[in-house]
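Me: Hey, I'm opening this one for the very first time. Can you walk me through the side chains with me asking as we go?

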Amino acid sequence: MSKTEATERAVLVTTSHRGVFFGYANNTDGNVIKLRAGRLCIYWPATNKGFMGLAAMGPLDGSRVGPPADIEIRNITAVLEVTPAAVDRWESSPWK
């Protein structure tokens, strides 16, 4: 495991433009957050119980999640810790 991977944590980031992103960050302080393998959730069903459910449960059936890309996010409104179970769902969530 590289030093970078050792300090990364899985996070969900929301923006003032209604963006909801999952990815891996080393630093979540400040006005810009860099995400490795960031994924945008375009849609999630009511069974997710809002964006906080995406951090707790991951994207459930019916969600639409884009492919991963390294990204810098601005206009941040929230940063949430993502549970290990949710990480598994994010990592395996294809666009349907």
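Me: Let's start with Arg36 and Glu8. What do their side chains meet in?
Reply: A salt bridge, with 2.7 Å from N to O. The term is used when a side-chain nitrogen of Lys or Arg is within 4 Å of a carboxyl oxygen of Asp or Glu. Before you go on: this is a predicted model, where local features need pLDDT of at least 70, side-chain atom pairs count only at pLDDT 80 or more, and totals for chains, interfaces and linings use all residues. Residues are numbered from 1 along each chain as its sequence is written, and side-chain values use heavy atoms, with hydrogens and water left out.

Me: Where do Arg36 and Glu8 sit in the chain?
Reply: Arg36 is in strand β3 (residues 32-43), while Glu8 is in the loop between α1 (3-7) and β1 (9-15). They are 28 residues apart, so the pair links distant parts of the chain. Helices (H or I, at least four residues) and strands (E, at least two) are DSSP runs, numbered from the N terminus.

Me: And Glu8, buried or exposed?
Reply: Glu8 counts as buried, at 15% relative accessibility. Its partner Arg36 is partly exposed, at 36%. The cut-offs are under 20% relative accessible area for buried, over 50% for exposed, and partly exposed in between (1.4 Å probe, protein chains only).

Me: How many salt bridges turn up in the whole structure?
Reply: The search finds 4. Another one of them joins the side chains of Lys34 and Glu72, at 3.8 Å from N to O. Lys34 lies in strand β3 and Glu72 in strand β5 (residues 69-74), so this bridge ties together parts 38 residues apart in sequence.

Me: Which residues are joined into one network by salt bridges that share partners?
Reply: Lys34, Glu72 and Arg74. Glu72 also meets Arg74 in a salt bridge, at 3.2 Å from N to O. As for accessibility, Lys34 is exposed at 54%, Glu72 is partly exposed at 39%, and Arg74 is partly exposed at 46%.

Me: OK, new topic: rings. How many aromatic pairs does the search find?
Reply: It finds 2 in the whole structure. For a pair, rings of Phe, Tyr and Trp (its six-membered ring) need centres within 6.5 Å; planes under 30 degrees apart count as stacked, over 60 as edge-to-face, and the rest as tilted. Phe22 and Tyr24 have ring centres 5.3 Å apart and planes at 75 degrees, so that pair is edge-to-face.

Me: Why is the pair of Phe22 and Trp90 stacked?
Reply: Because their planes are at 10 degrees, with the ring centres 5.0 Å apart. Phe22 is in strand β2 (residues 20-25) and Trp90 in helix α3 (residues 84-92), so this pair links distant parts of the chain, 68 residues apart.

Me: So what do the ring pairs make of Phe22, Tyr24 and Trp90?
Reply: A cluster. Phe22 is buried, at 0% relative accessible area, and Trp90 is also buried, at 0%. Tyr24 is buried too.

Me: Last one, Thr28. Where does it lie?
Reply: Thr28 lies in the loop between β2 and β3, and it counts as buried at 18% relative accessibility.

Me: What is Thr28 in contact with, leaving aside neighbours within four places in sequence?
Reply: Arg9, Val11, Ile33 and Val79, where contact means heavy atoms within 4.5 Å. With Arg9, the side chains also share a polar contact of 2.4 Å. That term covers a pair of N or O atoms within 3.5 Å; within protein, one must be able to donate a hydrogen and the other to accept it, and residues adjacent in sequence count only if both atoms are side-chain atoms.
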